[in-house]
Each structure stands twice: as C-alpha cells, then as structure tokens.
Amino acid sequence: MARRLKMLGTTSEDNDCPTLYEDLDTGEIIVQGDKLNDPADLAQLANIKERETFVVIPRELLVRFAPKE
C-alpha cells in the first residue's frame with residue numbers, strides 16, 4: 001500500500017530538491033536530497049544496512065520545515 005505523503009517544505013527555488021515530506025499515517029519523515037556517494041564520506045558512517053542510503057540536505061531545510069514535536 002502506498003504511503004500518503006504531505007510535502008512539508010523545500011529550500012529549492014526550482015522545486016527540484018531538497019524537500020521534506022511527512023507520512024500522514026505513521027508520522028515518519030521522508031527526506032529528498034542529493035545522494036551521498038563519495039567513498040571517503042561513506043567510510044565515516046557506521047551501522048549501515050544494505051537497504052539504507054544517505055542524502056545531503058541543507059540545515060536550513062530542517063530548521064524551517066521539520067516538525068517541532
């Protein structure tokens with residue numbers, strides 16, 4: 001079953017990315033951003049599951065649009 005998503009906000013001026021979404025049923029937050037794929041950056045991360053990926057977003061996106069609760 002598809003998630004029901006609500007766009008919370010974006011700092012993109014051309015509706016490209018980054019963007020935050022909320023799953024209306026679970027309250028989970030979905031983050032859209034550029035994929036982090038530099039091997040030196042990835043080597044610094046821990047406890048990575050095979051299904052996980054990482055995206056880069058500006059701090060301003062979270063400050064402006066992330067839920068406060």
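Q: What is the relative accessibility of Glu60?
A: The model is predicted, with pLDDT of at least 70 needed for local features, 80 or more for side-chain atom pairs, and all residues used in totals for chains, interfaces and linings. Residues are numbered from 1 along each chain as its sequence is written, and side-chain values use heavy atoms, leaving out hydrogens and water. Glu60 counts as partly exposed (between buried, under 20% relative accessible area, and exposed, over 50%; 1.4 Å probe, protein chains only), because its relative accessibility is 42%.

Q: Which residue forms a salt bridge with Glu60?
A: The closest N and O atoms of the pair are 2.8 Å apart, and a salt bridge here is a side-chain nitrogen of Lys or Arg within 4 Å of a carboxyl oxygen of Asp or Glu. Both residues lie in helix H2 (residues 59-65), four residues apart, about one turn of the helix. The partner is itself partly exposed, with a relative accessible area of 47%. It is Arg64.

Q: In which order do the helices and strands follow along the sequence?
A: Helices (H or I, at least four residues) and strands (E, at least two) are DSSP runs, numbered from the N terminus. The protein has two helices and five strands. Read along the sequence, they give the pattern β-β-β-β-α-β-α.

Q: Is Asp23 buried or exposed?
A: Asp23 sits in strand S2 (residues 19-23), and its side chain meets that of Arg3 in a salt bridge of 2.8 Å, N to O. This pair links distant parts of the chain, with Arg3 in the segment before S1, 20 residues apart from Asp23. Because the relative accessibility of Asp23 is 3%, the residue counts as buried.

Q: Which residues are linked with Arg3 in a network of salt bridges?
A: Happily, we have already met one of them: Asp23 shares a salt bridge with Arg3. Glu28 meets Arg3 in a salt bridge too, at 2.8 Å from N to O, and reaches across 25 residues from the loop between S2 and S3. Arg3 is partly exposed, with a relative accessible area of 45%, and Glu28 is partly exposed at 38%. The residues linked with Arg3 are Asp23 and Glu28.

Q: What share of the residues in the protein is buried?
A: Along its principal axes, the C-alpha trace spans about 35 × 30 × 25 Å. Of the 69 residues in the protein, the buried share is 13%.

Q: How many salt bridges does the structure hold?
A: Those described above include Glu60 with Arg64 and Glu28 with Arg3. For the whole structure, the number is four.

Terms used. Pairing = 2+ DSSP bridges.
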